[in-house]
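Work through the following exercises with the sequence and the coordinates open. Each task is followed by its solution.

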Protein chains: 2
Amino acid sequence: MDLDHTAALLANTPAALNALLRDLPDPWICSNEGPATWTAFDVVGHLIHTERTAWMPRAKLILESGDSRPFDPVDRLAQMRESRGKSLAGLLNEFARLRSESLTELRALNLQSEDFARRGLHPALGPVTLAHVLAAWTVHDLTHLHQISRIMAHQCRDAVGPWIKFLGVLHCDGHSAQS
Amino acid sequence: MDLDHTAALLANTPAALNALLRDLPDPWICSNEGPATWTAFDVVGHLIHTERTAWMPRAKLILESGDSRPFDPVDRLAQMRESRGKSLAGLLNEFARLRSESLTELRALNLQSEDFARRGLHPALGPVTLAHVLAAWTVHDLTHLHQISRIMAHQCRDAVGPWIKFLGVLHCDGHSAQS
């Protein structure tokens, strides 16, 4: 567990999403992959919701209470309610602010190597360690970047003609819709 | 074919990669997914090579010569030679500069709606139109963003513990290694 490596990636994600998405025309941002799938706008809302409710709250729960009570489950549809009426620019700003606050909190915990083995209880996955939480936080960012690239590519599915054969993202089956 | 939409995404990709990758510790940048796979560093080199040799050169060939001669094939391993001795920061700068030049050239073509149906000849895929080339250019960016998120996530594969079940990017089978 190298906390500096973890924090470096976590720090970059909001700026990467901002650079990718801000000011793009709406069809890139507001189109999904079909019924019951998410738009890029929805994914940013989900990242905000999990930033508030999942990652640092779970790390702190492990340090305070260990595995004596399970983590609160994530509401995977919260963003459909919480993002309503907001702009993408507003969501990107909100995610950047929350992530920055999370990383300040993470550093303030002054974690020692023995802390990473401390155990918590995931409501669906069972016993996990603090190291698992921190690694899953980074891969959760990457899963949703992977998902956003797929959602956006889907909008050009028919437009690429014969190139569909060579463009791997168009063959992704949506495993990354999970979080 | 909405050229403004296409150009907006193409314009954002270098900044998105820059924000995601610049200044990350080397393990994020220089690790691959196993033998004969690419690192994030390799992918940026590939984007530079295709920017130089594939997208605008093919668009211009269609406008100049139609399908009278096939496009030059892409050398998928060129970056292993061309990136040698360079830094990631240097590659990111080079990609941003080349992309900016490509978009200046694209705008200068002053394409009209009837141009998008003009035909060229791909050496492997056969007949394609200018519209296919432009759409494939954007999805090629997204395929490699998808690939980079997967390569980076792979570095945490064991570290996430039971979360592997929920993190879709870790179930991606590498379809996106193609370009």
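The exercises below concern helix packing, the chain contact and salt bridges in a predicted model.

**Exercise 1. Helices α1(B) and α7(B)**

Task: Determine how the axes of α1(B) and α7(B) are arranged, and which residues meet.

Solution:
- Two packed helices are described by the angle between their axes and the distance between the axes.
- Helix α1 of chain B covers residues 3-21 and helix α7 of chain B covers residues 130-154; their axes come within 9 Å and cross at roughly 25°.
- Angles under 35 degrees count as roughly parallel, so α1(B) and α7(B) are roughly parallel to each other.
- The crossing of these two helices, α1(B) and α7(B), is left-handed.
- On the α1(B) side the residues in contact are Leu3(B), Thr6(B), Leu9(B), Leu10(B), Thr13(B), Leu17(B), Leu20(B) and Leu21(B); they meet Leu134(B), Trp137(B), Thr138(B), Asp141(B), Leu142(B), Leu145(B), Ile148(B) and Met152(B) of α7(B).
- Sorted by class, this contact of α1(B) with α7(B) has twelve nonpolar, three polar and one charged residues.

**Exercise 2. Two partners of α7(A)**

Task: Describe how α4(A) packs against α7(A), then do the same for α3(A).

Solution:
- Helix α4 (residues 55-65) of chain A has an axis that comes within 10 Å of the axis of helix α7 (residues 130-154) of chain A, and the two cross at roughly 175°.
- Angles over 145 degrees count as roughly antiparallel, so α4(A) and α7(A) are roughly antiparallel to each other.
- From α4(A), Trp55(A), Met56(A), Arg58(A), Ala59(A), Ile62(A) and Leu63(A) meet Leu130(A), Val133(A), Ala136(A), Trp137(A) and His140(A) of α7(A).
- This contact of α4(A) with α7(A) divides into nine nonpolar, one polar and one charged residues.
- Helix α3 (residues 40-53) of chain A packs with α7(A) at an angle of about 170°, the axes being 10 Å apart.
- By the cut-off already used, α3(A) and α7(A) are therefore roughly antiparallel to each other.
- The α3(A) residues in this contact include Val43(A), Leu47(A) and Glu51(A), and those of α7(A) include Trp137(A), Asp141(A) and Ile148(A).
- By class, the contact of α3(A) with α7(A) has six nonpolar, five polar and two charged residues.

**Exercise 3. The contact between the chains**

Task: State how many residues each chain gives to the contact and what area is buried.

Solution:
- Chain B gives 56 residues and chain A gives 56 residues.
- About 4,700 Å² is buried between chain B and chain A, with 76% from carbon and sulfur atoms.
- In chain B, the residues that lose the most area to chain A are Leu125(B), Trp163(B) and Phe166(B), together 16% of what that side buries.
- Between chain B and chain A there are zero salt bridges.

**Exercise 4. Salt bridges**

Task: Find how many salt bridges there are over all chains, and place Glu101(A) and its partner.

Solution:
- Side chains of opposite charge can pair when their charged atoms come close.
- Over all chains, the search finds 20 salt bridges.
- Glu101(A) forms a salt bridge with Arg97(A), with the closest N and O atoms 3.2 Å apart.
- Both residues, Glu101(A) and Arg97(A), lie in helix α6 (residues 88-108) of chain A, four residues apart, about one turn of the helix.

Technical notes. Residues numbered from 1 in each chain as written. Chains lettered and ligands numbered in written order. Predicted model: local features only at pLDDT ≥ 70, side-chain atom pairs only at ≥ 80, totals over all residues. Heavy atoms only, no water. Axes fitted to C-alpha atoms, helices over the stretch in contact; angles between N-to-C directions. Parallel < 35°, antiparallel > 145°, perpendicular 65-115°, else oblique. Left-handed = near helix turned anticlockwise from the far one by under 90°. Contact = heavy atoms within 4.5 Å. Nonpolar A, V, L, I, M, F, W, Y, C, P; charged D, E, K, R; others polar. Buried area = accessible area lost by both parts, 1.4 Å probe. Salt bridge = Lys/Arg side-chain N within 4 Å of Asp/Glu carboxyl O.
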